[in-house]
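Please prepare a briefing on this structure for someone who has not seen it before, going from the whole chain to a small sheet and the helices around it.

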Amino acid sequence: MLQRIETSEVMKRAYKFFDDHNANCPTIERISKRKQGDILVKRRQGLIHESLTKSFHVILTEYVLSYNRTTAIMPEGMYTMDDLPSMHTTHGRLAKYCRCSSRNVQNHIDRLRELDMVRTKFHGDKKAYELWINPKFLFETKTETKIEIGQKTPEMALKGENAKIFPDKRTHREILEKEKKNADKLINQLGVNNHGESNREKGRTDVEGIQPLNEWVEQQGEIKAGGAAAAQKSDIVAQNDQIRRQKATEMLEARMPGMPKGLDAKYWQMLMNFWLYAWKVVYTHRKFTKVQQEKALVAIAAGVFNNFVDKMDDKQWFEYYQFQMAKLDKAARHYDNHPLAYKPDPYAVVIPGKGYFDYENVKGFVGIDAWIKKDSLRNAKKRMEYSEKQEEKMKRCEALLRTARRDFEKMRQEMKPRKEVTGKNQIALFQYYNVIFAGMGTKWQEKFCEQYLDQQARDFQPPKYLKAKRSRQMADQTPYNHQPATIVNVDDLERFGLYDGDGYEVHV
């Protein structure tokens with residue numbers, strides 16, 4: 001059962017956190033040049049201002065209302081103390097209650113996120129998001145622990161996302177004389193020597209076994225007899241880098257699952273790449289242990305790759321692997337467009353065959369094949385419709401080119417024009433067709449211009465192969481280069497004895 005949130009107690013813990021944070025903020029000193037002389041200005045950086053406190057109070061009030069409404073509606077056991085309900089809101093909605101702009105609310109949310117007081121999860125176009133308040137502020141623990149903030153305060157103040165830092169009204173000013181001696185003295189007091197190097201103590205690292213440079217060099221100098229010169233700093237740098245790499249390798253090996261016995265290395269690489277990519281694009285906010293990863297790899301090997309028993313060469317296996325990766329991209333786009341959709345576990349947890357990558361689960365990863373087939377049929381239909389439209393357009397444009405050619409020829413021969421182009425001269429007729437073909441596309445407009453220039457070069461006379469049959473016969477231009485037929489009188493052939501009465505020719 002979820003606990004009750006006491007708003008007053010939450011604000012007490014929050015105020016204590018703010019006060020401790022401000023008390024640990026560092027003081028930065030700088031020199032400001034003024035007419036009356038150089039001024040030493042001391043300023044606190046990283047302070048939490050009152051506006052942020054008011055915004056947190058409004059956010060807490062809205063969260064408590066959402067928390068109470070959710071716990072009243074949802075059945076018992078839906079949420080636990082480790083998985084608290086979230087508040088769905090936007091910057092604009094909170095800005096109305098905070099009495100400020102949406103941009104200020106966004107800056108305050110970012111600042112609270114840096115302080116680890118709230119946690120957000122954005123959806124869609126990042127306008128609507130879920131918000132959780134850190135449980136250590138919401139509920140009182142049995143043993144109140146001191147909140148450690150001193151180590152993070154300088155970094156958050158200087159290198160946070162919100163780098164805007166305005167001078168505080170309450171600053172300490174000290175007038176200094178414009179003299180070289182005082183300036184050198186001031187520089188030495190600030191911790192910088194004459195060579196421009198800082199005298200401040202180097203920060204320690206959190207990696208076990210790594211030693212700061214200054215301490216290591218001092219120890220090396222003490223070890224050497226006779227106060228010999230200390231060793232080079234590059235040695236300790238190389239040693240620290242080696243320790244870091246070794247620890248990173250050990251951590252990575254502890255998390256990576258082992259390769260099954262008897263599996264080829266190339267198949268293992270395909271399997272691991274597939275699982276890591278699925279973890280990245282599908283299970284983005286999930287965390288899997290080494291045992292869980294091994295179970296997921298077993299499910300993927302059986303449900304996706306059929307345990308690599310299919311007889312295929314390297315090229316076919318690579319094509320199959322690429323196809324499965326494309327299916328992962330399709331699944332990732334689906335979950336991006338539906339952020340509230342349920343994502344099943346990669347392997348069966350309770351009921352066998354209900355894992356996302358199990359072959360028996362037709363609603364899981366295997367079901368994407370049906371999506372792809374459906375998309376391919378739809379794309380093929382669209383391509384066919386597009387080709388039919390293009391063919392119809394080509395026929396229409398070719399007919400329009402023939403009509404334009406005949407209109408220019410009729411105009412040249414002073415024949416009666418069509419009704420649509422009546423009263424147009426040559427330039428007006430060209431502009432008329434140029435506008436029409438411009439709507440058909442650049443390709444057909446260029447074809448019309450080429451045809452017009454060709455006609456203009458021939459003085460708009462039709463080519464011989466396009467003249468009428470009667471005109472070709474009058475011009476002694478019969479088709480296929482045949483000569484006109486010769487008419488012979490049969491009586492003349494009989495008179496000369498070249499034709500008998502039975503209809504046969506007499507060959508001499």
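The points below are grouped by topic.

This is a predicted model, and its protein chain holds 17 helices and six strands. Of the 508 residues in the protein chain, 30% are buried. Among contacts between residues at least 6 apart in sequence, 60% join residues at least 24 apart.

**The sheet**

- Three strands form an open sheet in the order 3-5-4, and the pairing within this sheet is antiparallel.
- Strand 3 and strand 4 (118-123) stand at the edges with a single partner strand each, so that one side of each has no neighbour in the sheet.
- Neighbouring strands of this sheet are turned against each other by 35° on average, when direction is ignored.

**Pairing of the strands**

- Strand 3 pairs with strand 5 (residues 128-133) in the antiparallel sense over four bridges, and within this pairing T89 has Y129 of strand 5 as its bridge partner.
- Strand 4 and strand 5 also run antiparallel, joined by six bridges, and here T120 stands opposite L131 of strand 5.

**The two faces of strand 3**

- The side chains of strand 3 (residues 87-90) alternate along the strand, with M87 and T89 pointing to one face, where they are buried, while H88 and T90 point to the other face and are not buried.
- T89 is thus one of the buried residues of this strand, and T89 is also the bridge partner of Y129 in strand 5.

**Helices on the sheet**

- Helix 2 lies across strand 3 and strand 5, and the direction in which helix 2 runs is at about 95° to strand 5.
- Helix 4 (residues 102-114) packs on the sheet as well, where helix 4 touches strand 4 and strand 5, and its direction makes about 125° with that of strand 4.

**Helix 2 against helix 3**

- The axes of helix 2 (residues 50-73) and helix 3 (residues 91-98) come within 10 Å of each other and cross at roughly 115°, and the two helices are therefore roughly perpendicular to each other.
- The crossing in which helix 2 passes helix 3 is right-handed.
- On the side of helix 2 the contact is made by S55, V58, I59 and E62, and on the side of helix 3 by R93, L94, Y97 and C98.
- Sorted by class, the residues in this contact of helix 2 with helix 3 are five nonpolar, one polar and two charged.

Terms used
Residues numbered from 1 in each chain as written. Predicted model: local features only at pLDDT ≥ 70, side-chain atom pairs only at ≥ 80, totals over all residues. Heavy atoms only, no water. Axes fitted to C-alpha atoms, helices over the stretch in contact; angles between N-to-C directions. Parallel < 35°, antiparallel > 145°, perpendicular 65-115°, else oblique. Left-handed = near helix turned anticlockwise from the far one by under 90°. Contact = heavy atoms within 4.5 Å. Nonpolar A, V, L, I, M, F, W, Y, C, P; charged D, E, K, R; others polar. Buried < 20%, exposed > 50% of the residue type's maximum accessible area, 1.4 Å probe, protein only. Pairing = 2+ DSSP bridges.
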